[in-house]
Number of protein chains: 2
Amino acid sequence: MRSHYCGNVTEAQDGQEVTLVGWVNRARNMGGVVFLDLRDREGIVQVVYDPDLPEAFATASSLRSEFCVQVKGLVRLRPDSQINKNMNTGAIEVLGKELTIINRSEPLPIDFNTDVSEEQRLKYRYLDLRRPEMTNKLKFRAKVTSEVRRFLDDSGFMDVETPILTAATPEGARDYLVPSRTHKGQFFALPQSPQLFKQLLMMSGMDKYYQIVKCFRDEDLRADRQPEFTQIDIETSFMSAEQVMAETETMIRTLFKKMLNVDLPKFPHMTYAEAMRRFGSDKPDLRNPLELVDVADLLKEVEFKVFSAPANDPEGRVATLRVPGGAKLSRKQIDEYTKYVGIYGAKGLAWMKINEAGNGIEGVQSPIAKFLSDDIVNAIVERNGAEAGDIILFGADSDKVVTDAMGALRLKAGEDFELLSGEWAPLWVVDFPMFEKADGRYYALHHPFTAPTNMTPAELEANPDTALSDAYDMVLNGCELGGGSVRIHQADMQAAAFRVLGISDEEAQEKFGFLLDALKYGTPPHAGLAFGLDRLIMLMVGAESIREVMAFPKTTTAACPLTNAPGTANDEQLVELAIARMPQQEKQD
Amino acid sequence: MRSHYCGNVTEAQDGQEVTLVGWVNRARNMGGVVFLDLRDREGIVQVVYDPDLPEAFATASSLRSEFCVQVKGLVRLRPDSQINKNMNTGAIEVLGKELTIINRSEPLPIDFNTDVSEEQRLKYRYLDLRRPEMTNKLKFRAKVTSEVRRFLDDSGFMDVETPILTAATPEGARDYLVPSRTHKGQFFALPQSPQLFKQLLMMSGMDKYYQIVKCFRDEDLRADRQPEFTQIDIETSFMSAEQVMAETETMIRTLFKKMLNVDLPKFPHMTYAEAMRRFGSDKPDLRNPLELVDVADLLKEVEFKVFSAPANDPEGRVATLRVPGGAKLSRKQIDEYTKYVGIYGAKGLAWMKINEAGNGIEGVQSPIAKFLSDDIVNAIVERNGAEAGDIILFGADSDKVVTDAMGALRLKAGEDFELLSGEWAPLWVVDFPMFEKADGRYYALHHPFTAPTNMTPAELEANPDTALSDAYDMVLNGCELGGGSVRIHQADMQAAAFRVLGISDEEAQEKFGFLLDALKYGTPPHAGLAFGLDRLIMLMVGAESIREVMAFPKTTTAACPLTNAPGTANDEQLVELAIARMPQQEKQD
């Protein structure tokens with residue numbers, strides 16, 4: 001039905017007859033001639049119908065937005081004055097000869113030129129996706145997955161499908177459950193990731209595995225979370241953490257070059273400890289030049305307990321953040337910042353505006369200066385490299401509160417003062433702690449299958465607090481793009497890790513017996529990682545939310561306004577599945 | 001950790017030092033030398049350790065099956081007498097210099113050299129998949145999906161992901177349900193196919209879509225069914241059935257050429273009516289030369305009511321099947337065939353052995369010959385092209401029973417008499433009826449969105465019995481590889497189809513309101529199809545079951561012996577989901 005896509009008609013077709021199909025983007029009669037902007041997946045082309053051909057002209061005059069039509073016509077160059085350099089087709093127009101209405105359209109139920117709610121956009125997603133902006137995002141996404149697959153296929157990775165109907169996974173989020181009809185009273189879980197299956201594939205000798213795969217988490221949703229999301233899932237045998245990082249870094253660099261013509265810099269490696277210390281985040285945004293500067297050593301002896309108490313506490317932290325030009329902050333703006341760090345548990349926000357560096361208390365304006373000596377003020381100013389017109393902000397509390405609060409403040413100030421560089425800022429964060437302690441027990445920072453760095457099982461059990469994992473996160477512009485680790489490949493180490501996590505041998509056997517069993521039969525050393533595809537694409541296209549780069553996302557209450565999912569099930573179905581709906585009031589306390 | 005894959009070490013590496021990792025396939029001491037067959041994903045290589053290097057030799061002597069080891073050694077050519085032409089590595093061996101045990105293995109819990117149950121194989125799937133036979137199937141599968149994707153990407157198809165958590169689909173099989181936590185009492189369904197989403201994508205202007213995607217059906221399982229299976233799902237806009245068939249035929253031909261170096265013949269097109277008449281099947285196996293031959297016209301006047309009644313009934317059928325060489329069938333074998341057609345409802349199986357063609361009743365041996373005249377016998381023999389030594393088998397009953405029974409018997413006799421050609425036999429079956437009638441109502445032969453061929457909505461409603469659909473199935477060697485159709489793209493036609501199917505306007509609005517809505521806004525003509533990827537690969541590798549080409553399939557009771565899925569859910573989870581397990585005895589009648 002077509003000879004070309006609308007968006008691909010250019011000077012190269014000058015003088016040719018073309019047949020196009022698409023949608024009426026706009027049709028208007030100007031000076032007795034109908035100008036039809038015809039749109040398809042590849043773009044928009046201008047078609048002109050004049051009254052010389054009365055039948056086609058009459059049809060053209062009857063067109064309304066979003067009619068689906070077929071056009072036959074002659075490509076000709078536009079006069080110089082009418083060339084539109086912003087369009088691929090802007091140098092030509094099509095002189096319409098024939099026009100067939102394939103399917104009419106009622107007036108659209110929503111007007112995308114006004115401020116349409118996301119609910120409405122999702123309800124009429126098939127119209128929303130016709131907008132070139134949305135079409136282009138899905139095209140971009142398809143191209144990304146294609147490039148990723150080619151890279152991995154060509155690098156010897158095997159695409160292997162793992163089950164969607166499976167057992168509960170140990171990722172820590174809430175599982176979606178699927179009642180089994182053939183095993184009544186039992187449930188499948190949808191996978192939070194194919195973690196165990198990809199490890200089993202390494203145990204199967206598949207050597208290098210990948211899959212672009214849906215994962216599921218029944219969590220309360222935020223802008224960058226969806227009930228189902230897509231991972232680029234990777235696992236390798238016989239490769240070190242460094243090798244996995246090198247290979248996947250090459251993949252991402254290749255992707256940015258091919259898709260955006262961007263040469264990413266070589267990814268620096270930064271330890272978790274350094275990232276937390278300098279940037280107050282395990283996914284630092286390195287586009288932001290601000291850094292936290294520790295000053296506890298300078299404040300151990302001051303009488304101001306707000307500073308000296310955490311400065312002397314091994315679990316405390318006192319850190320500063322210099323904001324260049326920040327002296328212009330009003331009292332009100334500082335109050336807002338104080339409120340902001342309060343979200344992260346900070347009880348206040350001390351500050352020091354610099355009028356003159358090196359002049360002690362005289363050179364600064366600060367409610368806390370009176371607690372400090374000239375030497376201390378000078379040392380703080382100097383260590384921060386602060387200059388006249390800057391502000392230094394203080395965090396003093398437990399290490400966690402200061403790191404979280406000042407890390408968040410760093411991001412906020414960086415945006416408020418427009419300090420972010422325009423460059424892409426990737427890095428690897430490495431040397432994570434194996435465990436974090438909360439409520440008197442240990443939790444895996446990654447997952448229970450992560451290997452420690454250079455430790456025996458006995459050492460791991462003896463020193464869980466200081467154990468580092470052989471894990472790595474890829475961070476781009478302050479977003480975690482992906483993460484992974486070397487996995488435990490020996491049964492005694494896995495048993496030790498379970499014991500640190502308070503998982504009894506019985507529980508381990510019950511939940512992960514098949515994994516522990518599998519470790520007995522010559523499991524190879526293996527390592528891998530997973531990228532969040534939705535988030536990667538969101539970053540690459542500069543979208544605000546992963547919903548913008550998914551064809552049919554759910555709302556923040558995990559519903560689909562288009563298909564009305566979830567929906568009712570009939571009683572017969574539930575009887576077959578041996579389940580019943582429970583009235584909500586029967587909910588347990 | 002390696003310089004080469006084991007399976008890739010050949011004469012090209014003669015004289016080189018190589019480092020290999022893999023599993024001990026076999027290690028044996030022969031004549032004071034240890035011969036180690038080392039295996040990885042790519043194959044097996046022979047490594048030799050001799051006592052000159054006492055440390056490596058001692059380690060080699062301690063090896064057991066499935067130890068994971070690293071080998072360093074020198075590649076050398078084998079003496080001519082020891083060359084093994086069946087192995088890629090058969091011209092060389094590696095003289096082992098170093099040997100490191102990476103991970104030990106306990107004796108395997110199953111012995112794959114004996115007859116292992118499928119349950120055991122699935123429980124220890126990670127060991128089962130190490131077998132080269134299984135590894136190679138998964139490698140083949142990965143290559144197929146890669147080639148299919150490249151073909152479709154390069155042909156302008158966009159890979160778009162559609163939801164797994166969605167609304168109930170209208171494919172007719174039982175849905176897997178997923179209780180919603182945020183919308184208590186409501187359920188998602190896992191998709192039986194992305195049918196409606198891919199149509200919505202066409203309405204979104206995506207023009208050409210594909211996805212290799214998991215689909216789910218909660219059905220009782222057979223050899224070629226699994227709870228989750230994978231489709232190559234395709235949809236196009238502005239293309240006719242012929243164009244879709246041509247493009248996807250090219251895809252399959254390209255795939256067979258690349259993967260198997262097989263030049264498939266051009267696919268013949270055969271109407272459903274012809275397939276049922278000649279082969280008694282809508283997916284005829286054209287490797288089988290046998291054909292059903294209708295003889296009702298010859299038998300209308302005979303006194304033998306078993307023949308004359310169906311011969312005179314417009315809904316009856318009398319058909320014959322000549323089996324060359326079949327005269328040698330014993331009475332017992334014929335009884336078995338009679339029992340076999342009984343499965344399909346046939347009440348008996350008349351037969352006629354040919355001793356001499358053209359000699360009427362004298363020339364045949366048959367319990368029914370006495371009811372027939374010489375002329376009729378001769379006509380039947382002649383129409384079947386039967387010769388001395390053949391048998392002619394008779395089916396006489398309703399059209400459905402005869403077609404089903406004789407179609408099945410055709411397959412059975414073809415196998416029993418080893419009549420199948422060794423060639424691949426693809427074809428397209430087209431011109432299906434729109435509807436089939438059962439229990440006094442109409443059912444869609446494909447699905448309710450299939451367009452009729454050359455009919456208005458009014459004509460469709462007036463003539464549902466004779467309406468043909470613009471649908472097409474790709475058949476290979478008697479298996480349906482895929483099927484699809486032109487879809488209805490106009491609201492009035494969709495409404496007419498729903499009415500024929502007895503779906504009220506209210507029900508249609510409730511279930512498919514979003515589709516009917518979408519049809520109002522300039523829906524393009526669109527058509528597509530879906531291939532069963534598992535079955536395609538099963539055929540290509542000659543496997544007996546789709547379970548053989550899936551990494552982690554379920555058993556026939558839809559369970560996973562490896563992960564013990566489905567499993568128990570704890571009460572808290574169920575409370576959150578507002579569902580309860582129902583004791584089975586509470587089941588309704």
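Visitor: What is the area buried between chain A and chain B, and what share of it do carbon and sulfur atoms give?

Guide: About 10600 Å² is buried between chain A and chain B, and carbon and sulfur atoms give 60% of it. Buried area here is the accessible area (1.4 Å probe) that two parts lose on being put together, summed over both. A:Glu161, A:Phe238 and A:Tyr521 supply 8% of the area that chain A buries against chain B, more than any other three residues.

Visitor: Before we go on, what kind of model is this, and which conventions apply?

Guide: This is a predicted model, in which local features need pLDDT of at least 70 and side-chain atom pairs count only at pLDDT 80 or more, while totals for chains, interfaces and linings use all residues. Residues are numbered from 1 along each chain as its sequence is written, chains are lettered from A and ligands numbered from 1 in the order in which they are written, and side-chain values use heavy atoms, with hydrogens and water left out.

Visitor: How many residues of each chain are in contact with the other?

Guide: Contact means heavy atoms within 4.5 Å. By that rule, 117 residues of chain A are in contact with 116 residues of chain B.

Visitor: Why is the pair A:Asp220 and B:Arg181 called a salt bridge?

Guide: The rule asks for a side-chain nitrogen of Lys or Arg within 4 Å of a carboxyl oxygen of Asp or Glu. A:Asp220 and B:Arg181 have an N to O distance of 3.3 Å, so the pair qualifies. Between chain A and chain B the count is twelve salt bridges, and over all chains it comes to 92.

Visitor: How many residue pairs are in polar contact across the interface?

Guide: There are 57 such pairs between chain A and chain B, with both residues at pLDDT 80 or more. A polar contact is a pair of N or O atoms within 3.5 Å; within protein, one must be able to donate a hydrogen and the other to accept it, and residues adjacent in sequence count only if both atoms are side-chain atoms. On the side of chain A that touches chain B, helix H4 (residues 132-154) of chain A gives the largest share, eleven residues. Helices (H or I, at least four residues) and strands (E, at least two) are DSSP runs, numbered from the N terminus.

Visitor: What separates A:Lys143 and A:Glu147 in helix H4 of chain A?

Guide: These two residues are four apart in helix H4 of chain A, which means they are separated by about one helical turn. Their side chains meet in a salt bridge (2.8 Å, N to O).

Visitor: What makes strand S23 of chain A and strand S23 of chain B a pair?

Guide: Two strands pair if DSSP finds at least two bridges between them. Three bridges join S23 (residues 579-581) of chain A to S23 (residues 579-581) of chain B, so these strands meet the rule. They run antiparallel, and A:Ala580 has B:Ala580 as its bridge partner.

Visitor: Which strands are the edges of the eight-stranded open sheet in chain B?

Guide: The order in that sheet is S6-S9-S10-S22-S21-S20-S17-S11, with mixed pairing. Strand S6 (158-159) and strand S11 (269-271) of chain B are the edges, each pairing on one side only. Strands S9 (residues 208-216) and S10 (residues 228-237) of chain B pair in the antiparallel sense over nine bridges, with B:Lys214 opposite B:Thr230.

Visitor: Where is A:Pro566, and what is the peptide bond before A:Pro566 like?

Guide: A:Pro566 is in the loop between helix H16 (533-541) and helix H17 (571-577) of chain A. The bond from A:Ala565 to A:Pro566 is cis, with omega near -5°. In chain B, the bond joining B:Ala565 and B:Pro566 is cis too, with omega about -5°.

Visitor: Why is a positive phi worth pointing out for a residue other than glycine?

Guide: Most residues other than glycine have a negative phi, and most peptide bonds are trans. A:Asp207 is not a glycine and has a positive phi of about 75°. The loop that holds A:Asp207 lies between helix H5 (195-203) and strand S9 (208-216) of chain A.
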